[in-house]
Structure formats: C-alpha cells, structure tokens
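Trainee: Before we look at the model, could we agree to test each descriptive label against its cut-off?
Mentor: Yes, let us take the labels one by one.

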Amino acid sequence: LIFFLFLVGMELNPTSLRNTGKHAAMISLSGIVVPFGLGAAASYAVYTYLGTGLERYGTFVLFLGVAMSITAFPVLARILTERKLLHTPVGQITMSAAAVDDVTAWVLLALTIALINSGGNPMVALYTVLLAAAFVLTMFVVVRPLVRWAIMKSGSQEPIAATAVLGVLLLALGSAMFTEIIGIHAMFGGFVAGIVLPKD
C-alpha cells in the first residue's frame, strides 16, 4: 500500500497540485463537514444502544464523526489510476482534496484518542499538525533539492545503480515510518515521498 501510493505520488505534478489548492481545500472541507455532521447526528442513537461502557458522550460524538469523515485514499487512487483519470484536472483536484481530507481526519483521530485516554491532552493534535507541516515543508525544501542534486550528479546511468534504487526505497519507507510515528497513517508519508521526487 505504501509503495502503491508512492507510485501514485510520483505520477502527480506538484505544480498542478498547487494550482488546484483552492478548489481542493473547498472540496475537502465539504467532504469532511457533511459526513462529520451526519456521524455526529447518528451518534446519539448509537451511544444509547452501545454506550453502557462509554464514560464520555462528547468523545464518542467526535470519534463517530471522524470515523465517517476519513477518505478511502488508496482506493480512490486505485480507481483514478485504473480509469486513467489521475493526470486529468478532475483527477488532480480529487487527489489533492483527498490528501487534505485524509491528513485532517487523521489529526482529528489523534485528538480523539488523546481525549479518550485518561489524562489525554488536546495539545497532542496540535503537536501532530505542527509535525506534519514540518514534515511536508522539509520534504519539499530540503529533501527534494537533495534528490535533484543526487540525480544530476549521478547522471543518466543505464542500468540504474542499485544504490539509487535503495535510496528511493529508503526515502519512501522512512517517510512512511515518520508519518506513522507522529500519528498520521504511513501511506501519507509514502505519497508525499513520491510527490517530491523530481519528474524531469
């Protein structure tokens, strides 16, 4: 799954993702608010039926709302790839919106878990958001230029050196491991690693 989303990220153009940012943010927001509201509305009936072992109704509302808001990101990527829609404007906007939606939902889930645990601190969610932002910034500002420099230095070698393949694998797995550690799913790290690889 990590490598599949890594390959999906490699096929996407960061410039087009930036150009679709406003539309993607609006679509992502509506894709979170509506399911979250429906999940929160249904939470009372579910809580009444299953809530004997649950202490706090507020955290249950938050959990059910977040659970309804999470996008099936890899499934969406697979559908767009198979239908050859990934490089179309609709595909670019859809993937951008799904990425924003997924990160937001996982951050909210981290907040929910922090609130459910005894003595949980809501600052955990802020910490996750800051780490995720720092990760994306580092990947684009530091890692991307380094990868481009390494490619230019090595030149176009045929066949591709084993060290280059190893470096790409370590980049994808390292990114996935970091996002998993900070509380966002590992597949997001693999996706971002694929995006930052130079396309030219």
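Trainee: In this predicted model, what makes helix α9 mostly covered?
Mentor: The label rests on residue accessibility, where buried means under 20% relative accessible area, and eleven of the eleven residues of α9 are buried. Among them are Met 187, Phe 191, Val 192, Ile 195 and Val 196.

Trainee: How is the packing of α9 against α8 described, and why is α8 called oblique to α9?
Mentor: Two packed helices are described by the angle between their axes and the distance between the axes. Helix α8 (residues 162-181) and helix α9 (residues 186-196) pack at about 140°, with their axes 7 Å apart. An angle over 145 degrees would count as roughly antiparallel, and 65 to 115 as roughly perpendicular, so α8 is oblique to α9. The crossing of α8 and α9 is right-handed.

Trainee: Which residues make that contact?
Mentor: From α8 the contact takes Leu 171, Ala 172, Ser 175, Ala 176, Thr 179 and Glu 180, and from α9 it takes Ala 186, Phe 188, Gly 189, Gly 190 and Ala 193. These residues of the contact of α8 with α9 divide into six nonpolar, four polar and one charged.

Trainee: How many aromatic pairs are there, and why is the pair of Tyr 47 and Phe 60 called tilted?
Mentor: The count comes to two aromatic pairs. The ring centres of Tyr 47 and Phe 60 are 5.6 Å apart, within the 6.5 Å cut-off, and their planes stand at 50°, which is neither under 30 degrees nor over 60, so the pair is tilted. Since Tyr 47 lies in helix α3 (residues 21-50) and Phe 60 in helix α4 (residues 57-69), the pair ties together parts that are 13 residues apart in sequence. Both Tyr 47 and Phe 60 are buried.

Trainee: What makes the pair of Phe 135 and Phe 178 stacked?
Mentor: Their planes are 25° apart, and the centres are separated by 5.5 Å; planes under 30 degrees apart count as stacked. Phe 135 lies in helix α7 (residues 123-154) and Phe 178 in helix α8, so this pair ties together parts that are 43 residues apart in sequence.

Trainee: Are Phe 135 and Phe 178 buried or exposed?
Mentor: Phe 135 has a relative accessible area of 8%, under the 20% cut-off, and is therefore buried. Phe 178, at 32%, falls between 20% and 50%, so Phe 178 is partly exposed.

Trainee: Why does Lys 22 count as exposed?
Mentor: Lys 22, found in helix α3, has 68% relative accessibility, which is over 50%, so Lys 22 counts as exposed.

Terms used: Residues numbered from 1 in each chain as written. Predicted model: local features only at pLDDT ≥ 70, side-chain atom pairs only at ≥ 80, totals over all residues. Heavy atoms only, no water. Axes fitted to C-alpha atoms, helices over the stretch in contact; angles between N-to-C directions. Helix = DSSP H or I, 4+ residues; strand = E, 2+ residues; numbered from the N terminus. Parallel < 35°, antiparallel > 145°, perpendicular 65-115°, else oblique. Left-handed = near helix turned anticlockwise from the far one by under 90°. Contact = heavy atoms within 4.5 Å. Nonpolar A, V, L, I, M, F, W, Y, C, P; charged D, E, K, R; others polar. Phe/Tyr/Trp six-rings, centres within 6.5 Å; stacked < 30°, edge-to-face > 60°. Buried < 20%, exposed > 50% of the residue type's maximum accessible area, 1.4 Å probe, protein only.
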